[in-house]
Amino acid sequence: MNRTHLFPAAATGIRPVSLPGAGPVPVPVPAAVRFRAACPDCRGRFELAAAALRLAIGATSRTTFYTFTCPECGASVRKPAGERIIELLTGGGVRTLRLHTAL
């Protein structure tokens with residue numbers, strides 16, 4: 001699998017904050033946040049708005065990933081998401097789905 005690095009295209013200076021014992025507090029994110037990405041199929045490079053990405057956080061590294069559709073070739077792309085990618089995407093306003101295991 002080709003790894004594509006995902007970086008915020010514009011630094012916002014806004015980070016999620018947490019209050020002791022309260023969990024994360026939502027922080028407004030500017031609509032102009034964009035992420036650089038690349039397609040492993042057509043090798044196109046482009047910038048995507050936060051709304052074009054989806055993040056799924058699972059119990060393991062195999063079930064934690066982000067997805068997007070390549071704007072150049074239309075391929076559906078799924079990439080693994082490590083801790084840094086999760087931090088960038090959630091801080092940039094990407095919609096997140098938490099996957100739970102069935103007992």
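Here a colleague asks a modeller how to read the fold of this predicted model.

Colleague: Where do I start? How many helices and strands does the chain have?

Modeller: Start with the inventory, and keep in mind that the model is predicted. You'll find one helix and nine strands. Reading from the N terminus, the order is β-β-β-β-β-β-β-β-α-β.

Colleague: Okay, now the sheet with S6 in it. In what order do its strands sit?

Modeller: Walk across it and you get S8-S7-S6-S9, an open sheet of four strands with mixed pairing. S8 (76-80) and S9 (95-98) are the edge strands; each has a single partner, so one side of each lacks a neighbour in the sheet. From one strand to the next, the twist averages 20°.

Colleague: Let me zoom in on one pair there. In which sense do S6 and S7 pair?

Modeller: Antiparallel, over three bridges between residues 54-57 of S6 and 65-69 of S7. If you want a spot to click on, Arg54 has Thr67 in S7 as its bridge partner.

Colleague: And the helix? Which strands does H1 lie across?

Modeller: H1, residues 83-91, lies across S6, S7 and S9. Its direction is at about 130° to that of S6.

Colleague: How should I read the side chains along a strand? Take S5: which ones are buried?

Modeller: The general idea is that side chains in a regular strand alternate between the two faces of the sheet. In S5, Phe46 and Leu48 point to one face and are buried. Arg45, Glu47 and Ala49 point to the other face and are not buried.

Colleague: What does S5 pair with, then? How many bridges join S4 and S5?

Modeller: Five, in the antiparallel sense. One to look up is Arg34, whose bridge partner in S5 is Ala49. The hairpin of these two strands has six residues between them, and Arg43 there takes a positive phi near 65°.

Colleague: Last one, the core. Which residues have the most contacts inside the largest nonpolar core?

Modeller: As a rule, nonpolar side chains in soluble globular proteins tend to be buried together. Here the largest nonpolar core has 20 residues, and Leu53, Leu55, Tyr66, Phe68 and Leu89 have the most contacts inside it. S4 (34-38), S5 (45-49), S6, S7 and H1 each supply at least two of its residues. H1 gives the most, with three.

Colleague: And what share of the whole chain is buried?

Modeller: Buried residues account for 31% of the 103 in the chain. On the outside, the chain exposes about 7100 Å², with carbon and sulfur atoms supplying 55% of it.

Definitions and conventions:
Residues are numbered from 1 along each chain as its sequence is written. This is a predicted model: local features need pLDDT of at least 70, side-chain atom pairs count only at pLDDT 80 or more; totals for chains, interfaces and linings use all residues. Side-chain values use heavy atoms; hydrogens and water are left out. Two strands pair if DSSP finds at least two bridges between them. Axes are lines fitted to C-alpha atoms, for helices over the stretch in contact, and angles run from 0 to 180 degrees between N-to-C directions. Contact means heavy atoms within 4.5 Å. A nonpolar core is a set of buried Ala, Val, Leu, Ile, Met, Phe, Trp, Tyr and Cys residues joined through side-chain atoms within 4.5 Å. Buried means under 20% relative accessible area, exposed over 50%, partly exposed in between (1.4 Å probe, protein chains only). Accessible areas come from the Shrake-Rupley method with a 1.4 Å probe; for residues, only the protein chains shown count as cover.
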